[in-house]
Amino acid sequence: PNGWCLQGSRFDSQAKQWRLTADVVNDVGMTLELACGVFPRYFYLPLAVLASCCRSVTSLAADSTRVTLTQHFAISDNAGDISAKERTQETMVNLVGMISGVLLIRVVNESQLYTWAWYVFFTAVHVVANYKAMRCLHLKSLNGDRLEVLFNEYYHHNRTLTPAQVAALEPLFTKLPPWTAFLSIARSLVDLCCSLLGVQWNRAWRVSMGNPIRTPLNFPSSKRHPLSMASLASFHAKHRYSIVGDERTRVLHVLLSPTATKATELDAYVHALYYQATLPAVAYGDTAAHQQARTWMQINAPFFRESLQSSGWDTNKILLGKGDVRMEWQAEDRKKA
């Protein structure tokens with residue numbers, strides 16, 4: 001699902017983005033609460049309702065990501081100890097904030113201008129501090145964003161980055177769930193307009209793993225073509241995954257076997273990232289490009305997995321936010337999902 005309100009599995013795979021979203025939405029909620037006293041009376045109820053919704057989203061996102069982040073710090077299986085220390089620090093910070101607020105009231109002296117100026121300043125400090133905190137968080141699990149950074153560095157420069165290096169490069173604000181949901185809706189509207197006007201929009205390919213294919217796909221009739229159903233069925237049986245692309249929606253569908261393992265998911269996603277990096281230069285149906293991709297995977301995939309482990313990544317913790325659809329190819333060149 002693309003909706004940011006339907007991304008339960010992404011609380012683990014995008015813990016940083018959801019944690020940052022919780023803080024930003026919390027600031028928005030507090031801003032709306034303060035605005036209730038500034039705008040006319042007939043704006044009070046809508047603003048209060050929106051502020052309450054922001055509080056609910058903040059509570060949900062913060063509580064859901066707290067478990068993931070606690071597990072990251074509990075390297076000695078001491079999640080309870082970590083949680084207790086986190087709660088103690090939070091209580092202490094709240095106490096310091098209350099005392100500072102009481103002292104600041106004397107400086108503000110009931111001036112709305114000073115009140116809003118101080119509020120904007122501290123809100124900006126809050127957002128920047130949380131952003132810096134997420135940059136300092138070196139998660140060792142592999143999600144789609146981190147894998148993309150790792151693959152691009154390995155593919156272009158033949159080196160594997162450490163968790164600390166990737167933490168400085170992975171996207172945060174550009175991958176906030178509300179923003180990605182807006183981009184998804186905008187992309188759908190542009191696709192609709194282009195189809196109505198008969199205009200082709202060559203946008204970037206994106207990867208979809210374990211999700212149902214909702215549009216019909218065309219396969220080459222020649223069984224020797226790497227994109228034919230016979231070739232895909234053979235590849236799927238051997239590697240426990242296959243990849244088919246939809247040129248109309250520009251989506252690379254990663255189809256996993258019911259027996260797929262974590263290593264299979266990693267290989268399948270890296271294979272899709274290879275297509276994502278090379279397809280802009282060639283047509284999707286280019287036979288040589290697909291043969292080259294399979295050859296590259298056969299040679300480099302084992303070395304890439306080993307380099308990830310030696311660089312400190314946990315290759316058993318792969319959080320790609322994938323769907324639950326698994327697929328098998330039947331011998332009669334038909335597929336069932």
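## The largest nonpolar core

Within the 44 residues of the largest nonpolar core, Leu 147, Leu 150, Val 254 and Val 270 touch the most other members. Such a core is a set of buried Ala, Val, Leu, Ile, Met, Phe, Trp, Tyr and Cys residues joined through side-chain atoms within 4.5 Å, where buried means under 20% relative accessible area with a 1.4 Å probe, protein chains only. Elements that each supply at least two residues include helix H6 (144-157), strand E1 (206-209) and helix H10 (262-278); H10 gives the largest share, eight residues. Helices here are DSSP runs of H or I with at least four residues, and strands are E runs of at least two, numbered from the N terminus.

This is a predicted model, with local features needing pLDDT of at least 70 and side-chain atom pairs pLDDT 80 or more, while totals for chains, interfaces and linings use all residues. Residues are numbered from 1 along each chain as its sequence is written, and side-chain values use heavy atoms, leaving out hydrogens and water.

## Around Leu 150

Beyond its neighbours within four places in sequence, Leu 150 is in contact (heavy atoms within 4.5 Å) with residues including Leu 142, Phe 304 and Trp 313.

## Ser 311

Let's turn to a loop. Ser 311 sits between H11 and strand E4 (328-329), and it counts as buried because its relative accessibility is 17%. A polar atom of the Ser 311 side chain lies 2.8 Å from the backbone oxygen of Ser 307. Not counting residues up to four places away in sequence, Ser 311 touches Thr 160, Leu 161, Thr 162 and Pro 163.

Key:
Buried < 20%, exposed > 50% of the residue type's maximum accessible area, 1.4 Å probe, protein only. Polar contact = N/O pair within 3.5 Å; in protein donor to acceptor, adjacent residues only side chain to side chain.
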